[in-house]
Amino acid sequence: MTIIIDSQDKKTADAFASSWNHLPGGSVYTAQQFNDWFEPVTQTDVAGKTVLELGCGNGSLLCHMTTWNPSFIEGVDLGDSVLSCQKNMAQTGFTNYKITQHDLTKFQGNGYDLVYCIGVLHHLKNPLEGFESVLRNTKPGAKFHCWVYAKEGNAVIIYIVDPIRRAVSKLPWWFTKYIVATPLVVPYFIYAKIISTSKTFRKFPLYEYSRWISKRNFMFFRHVAFDQLVTPQTAYISKDTIKEWLNKYSEIDKNSTYIIFRNGNSWKFGGKKNRPK
Ligand SMILES: C[S@@+](CC[C@H](N)C(=O)[O-])C[C@H]1O[C@@H](n2cnc3c(N)ncnc32)[C@H](O)[C@@H]1O
């Protein structure tokens, strides 16, 4: 395992390691959540191909990725979550993988058929540098796929949760998890379970997102709440910013790009790199 940990995102990566390294083994996501995070990317784009995840956490997405039969998988993360990632990947039975501890913004691999970066760019000091690394590591003609928190649809999070995050992310992780996140998430857990029962509530804040998360149990709610509160760095990214990113680089095939609003409060986006002329 290669290790490079000098980075402006080190504090963020350490905070996430305290989240990822204190979870039961295996993926925190269901197969349905995995598919939904990747759509329009499907198994056909991956089978027999090489895949890179930038910011892989404990390998929760990588574990599902093994079921799509890629030829090789690499996961990169700056934090010590690479330890739980390594254990989780070892349990999948898939053997052709490599986990690398490295700053993703500086990472340079050999080029991959699919590069994805899910839930990471909005936590970087410089999200655009992260996106540039996604492109740099994508082979010519190959696909990239990202997911970020949206500026749109997140007013409750930006004005209520984010100020709490700024304060509690400085506290010890266990305090944030058990004393802050656990009691805070109880009212949202009840709210989400209720509003997801009927379309009558469709105008309520976080309706779409609540329908998505309400399929999961309290532990998953608590994991997501802790994940939101533990990090010292979060940005909310607008559709216009993503359009700018996708238009900025000549190596992106402009006919291949997509931007999809997900769960009313986040953006999936991606496309292909041009083939060499
Ligand atoms: C919210 S987690 C997402 C993990 C995974 N992609 C998932 O969806 O389950 C964000 C991850 O990005 C990692 N990270 C943050 N800054 C990084 C950097 N500069 N280089 C590499 N990893 C970084 C953190 O350590 C953390 O594991």
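## Helix packing around α9, and the ligand shell

The crossing of α1 and α9 is right-handed (clockwise turn of the near helix from the far one by less than a right angle; anticlockwise would be left-handed). This is a predicted model, where local features need pLDDT of at least 70, side-chain atom pairs count only at pLDDT 80 or more, and totals for chains, interfaces and linings use all residues. Residues are numbered from 1 along each chain as its sequence is written.

**Exercise 1.** Work out how α1 lies against α9 and which residues make the contact.

*Solution.* Start with the geometry: the helices pack at about 160 degrees, axes 9 Å apart (axes are lines fitted to C-alpha atoms over the stretch in contact, and angles run from 0 to 180 degrees between N-to-C directions). That makes α1 roughly antiparallel to α9 (over 145 degrees). Next, the contact: A15, F16, S18 and S19 of α1 meet F226, D227 and V230 of α9 (C-beta atoms, placed from the backbone, within 7 Å).

**Exercise 2.** Do likewise for α7 and α9.

*Solution.* Helix α7 (residues 173–195) and helix α9 (residues 218–230) pack at about 125 degrees, with axes 8 Å apart. So α7 is oblique to α9 (neither under 35, nor 65 to 115, nor over 145 degrees). The crossing of α7 and α9 is right-handed too. Residues in this contact include W173, V180 and F189 in α7, and F218, F226 and V230 in α9.

**Exercise 3.** Describe what surrounds the ligand.

*Solution.* Count first: 24 residues surround the ligand, the closest being D9, A13, G55, G57 and G79 (C-beta atom, placed from the backbone, within 6 Å). Then find the elements: α1 gives the largest share, three residues.

Notes:
Helix = DSSP H or I, 4+ residues; strand = E, 2+ residues; numbered from the N terminus. Contact = placed C-beta atoms within 7 Å.
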